[in-house]
Amino acid sequence: MKIEHWENWLLTDCTGSAQLPSNIVHPIALFHIPIQGVGTSIAELFALGQVEGAGSVGLEGYDWEYFSLLNEDVEYRFEGQVIEVERLQTKSGGVFDRFVFTIELSTTEGNPVAKVTNSWRFWRTR
Amino acid sequence: MSDIYDYLGYEIPSLIVDQVDPNKMKTMAAILRDPYPVHWDKDANETLGLKGRVINQGPLNLSYIANMLMAWQGPACIKRLQARFLKPVLDGDTVIAGGKITEIIDSEESRVRAKVWLSRDNEIVLEGEAEILVKV
């Protein structure tokens with residue numbers, strides 16, 4: 001999968017930043033590009049978590065590592081897995097499932113480019 | 001700075017995002033193919049007590065910190081971003097990205113660790129750490 005110029009341009013614009021030089025992809029692309037790269041989607045992950053509607057999903061945190069710059073129009077490979085699903089309760093009694101997945105990006109030659117670990121909350125009761 | 005250790009305790013120049021723009025959230029939702037309505041449907045947030053306002057995407061909140069770091073040390077400086085999302089940011093909010101160098105990770109590589117945050121009205125809404133390459 002490649003990150004196309006138009007997509008990076010719009011993404012960078014959304015952040016309020018000037019466009020980056022030398023076709024560098026904005027670092028925030030590590031949110032959606034890996035998800036798409038492994039052949040899934042945010043919608044599909046929501047369906048997997050059986051969540052729908054406002055307030056059903058929350059973010060816990062990200063851990064994103066950049067081993068090299070990402071560039072537009074370069075082919076990358078993606079490999080990922082769900083590494084944790086745990087039902088937890090908040091102090092106020094709310095119940096959610098912590099859903100953690102990790103995806104690694106590499107060049108077509110197998111050189112590591114980036115690794116993301118994302119932790120989401122799928123709310124069951126608030 | 002002439003010495004990597006001069007960076008210890010240094011406060012990174014902050015970045016102010018004046019009034020988060022709901023139209024950028026809509027574009028972002030389309031780019032992400034994100035079906036979660038809290039980012040683009042003001043009426044969907046009534047049950048959350050946020051009728052008339054939309055919630056900024058987490059990646060956009062983190063992007064303000066990335067932009068602060070890149071404005072300071074260039075577009076290739078970010079090596080790691082870790083973030084914990086504490087409070088939602090809404091359209092119209094003004095937020096400030098800030099950071100402070102806390103550790104020299106590798107002096108030969110000029111790699112340092114920074115505590116980073118995003119605040120709104122002096123309340124931290126996102127906090128985390130960044131590993132960045134700095135110019136010496």
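**Chains A and B: a helix face, a strand pair and a buried methionine**

Good morning. I begin with helix α1 of chain A, residues 5–15, in which Asn8(A), Leu11(A), Thr12(A), Cys14(A) and Thr15(A) are buried. Viewed down the axis of α1(A), these buried residues fall within an arc of 155°, so they line one face of the helix. The general background is that an α-helix has 3.6 residues a turn, so residues three or four places apart point the same way. Please keep in mind throughout that this is a predicted model.

What do the buried residues of α1(A) pack against? Their partners are in chain B, namely α1, residues 22–32, and α2, residues 58–73. Just after α1(A) comes Gly16(A), which has a positive phi, near 90°.

Let me turn to the pair formed by α1(A) and α1(B). In general, two packed helices are described by the angle between their axes and the distance between the axes. Here the axes of α1(A) and α1(B) come within 9 Å and cross at roughly 145°, and the crossing is left-handed. On the chain A side, Glu7(A), Leu10(A), Leu11(A) and Cys14(A) take part, and they meet Lys24(B), Thr27(B), Met28(B) and Ile31(B) of α1(B). By type, the residues of this helix contact divide into five nonpolar, one polar and two charged. Leu11(A) and Cys14(A) thus appear among the buried residues of α1(A) and also among those meeting α1(B).

I now widen the view to the whole contact between the chains. Chain A contributes 30 residues and chain B contributes 33. On the side of chain B that touches chain A, the elements giving two or more residues are α1, α2 and β2, the last spanning residues 78–85. Which of them gives the most? That is β2(B), with eight residues. This side of chain B divides into 20 nonpolar, seven polar and six charged residues.

The strand β2(B) is also joined to a strand of chain A. Five bridges link it to β1(A), residues 57–66, and the two run antiparallel. Within β2(B), Gln82(B) stands opposite Asp63(A).

Finally, I consider one residue of helix α2 in chain B, Met70(B). Is Met70(B) buried or exposed? Because 23 other C-beta atoms lie within 10 Å, Met70(B) is buried. Leaving aside neighbours within four places in sequence, Met70(B) is in contact with Pro75(B), Cys77(B) and Ile78(B). Trp117(B) is 47 residues away along the chain, and its C-alpha atom is separated from that of Met70(B) by 15 Å.

Thank you for your attention.

Terms used:
Residues are numbered from 1 along each chain as its sequence is written. Chains are lettered from A and ligands numbered from 1 in the order in which they are written. This is a predicted model: local features need pLDDT of at least 70, side-chain atom pairs count only at pLDDT 80 or more; totals for chains, interfaces and linings use all residues. A residue is buried if 20 or more other C-beta atoms lie within 10 Å of its own, exposed if 12 or fewer, and partly exposed in between; C-beta atoms are placed from the backbone. Helices (H or I, at least four residues) and strands (E, at least two) are DSSP runs, numbered from the N terminus. The arc is that of the directions from the helix axis to the C-beta atoms. Two residues are in contact if their C-beta atoms, placed from the backbone, lie within 7 Å. Ala, Val, Leu, Ile, Met, Phe, Trp, Tyr, Cys and Pro count as nonpolar, Asp, Glu, Lys and Arg as charged, and the others, Gly among them, as polar. Two strands pair if DSSP finds at least two bridges between them. Axes are lines fitted to C-alpha atoms, for helices over the stretch in contact, and angles run from 0 to 180 degrees between N-to-C directions. A crossing is left-handed if the near helix is turned anticlockwise from the far one by less than a right angle, and right-handed if clockwise.
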